[in-house]
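Reader: Hello! Could you take one part of this model and walk me through it closely, residue by residue where that helps?

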Amino acid sequence: MGLGDGQKATRPFQLDQSLLTLGYTVAFVALNPGVDPWVLAGVLLGGLGLALTEWSLATSSR
């Protein structure tokens, strides 16, 4: 077993984490329609950015 084997095992968890982040973001926006639009935009952009970062780290070739 090499050092890289442990990283491959955590990739599915990281992908699940990015999907969970995306789900929480969409759920917050969907369940809070009366909130200030700037707050919704900030949550949406922040959540999408975080989910994309997590996904990118999970699928990188490192």
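**The nonpolar patch and helix H2**

Author: Happy to. Keep in mind that this is a predicted model. Helix H1, residues 5–31, and helix H2, residues 37–59, each contribute at least two residues to a nonpolar patch. That patch lies on the surface, covers about 400 Å² and is built from Leu19, Leu22, Val26, Leu44 and Leu48. H1 provides the largest share of the patch, with three residues.

Leu19 is a good place to begin, and it sits in helix H1. Its relative accessibility is 57%, so Leu19 counts as exposed, because the cut-off for that class is over 50%.

Now let us turn to H2. This helix has 23 residues, which at 1.5 Å a residue should span 33 Å. The C-alpha atoms at its ends are 32 Å apart, so the model agrees with that expectation.

H2 also has a buried set: Leu40, Gly47, Ala51, Glu54 and Ala58. Let me pick out Glu54, which is placed in helix H2. Its relative accessible area is 14%, so Glu54 is buried, since buried means under 20%.

What does Glu54 touch, leaving aside residues up to four places away in sequence? The contacts are Gln17, Ser18 and Thr21. Of these, Ser18 deserves a second look: Glu54 and Ser18 are 36 residues apart in sequence, yet their C-alpha atoms are 5.3 Å apart in space.

To put the two residues side by side, Leu19 is exposed and belongs to the nonpolar patch, whereas Glu54 is buried and touches Gln17, Ser18 and Thr21.

Notes. Residues are numbered from 1 along each chain as its sequence is written. This is a predicted model: local features need pLDDT of at least 70, side-chain atom pairs count only at pLDDT 80 or more; totals for chains, interfaces and linings use all residues. Side-chain values use heavy atoms; hydrogens and water are left out. Patches are made of residues with over 30% relative accessible area and no salt bridge: like charges are joined within 9 Å, nonpolar side chains (Val, Leu, Ile, Met, Phe, Trp, Tyr) within 5 Å. Accessible areas come from the Shrake-Rupley method with a 1.4 Å probe; for residues, only the protein chains shown count as cover. A salt bridge is a side-chain nitrogen of Lys or Arg within 4 Å of a carboxyl oxygen of Asp or Glu. Helices (H or I, at least four residues) and strands (E, at least two) are DSSP runs, numbered from the N terminus. Buried means under 20% relative accessible area, exposed over 50%, partly exposed in between (1.4 Å probe, protein chains only). The expected span of a helix is 1.5 Å times one less than its number of residues. Contact means heavy atoms within 4.5 Å.
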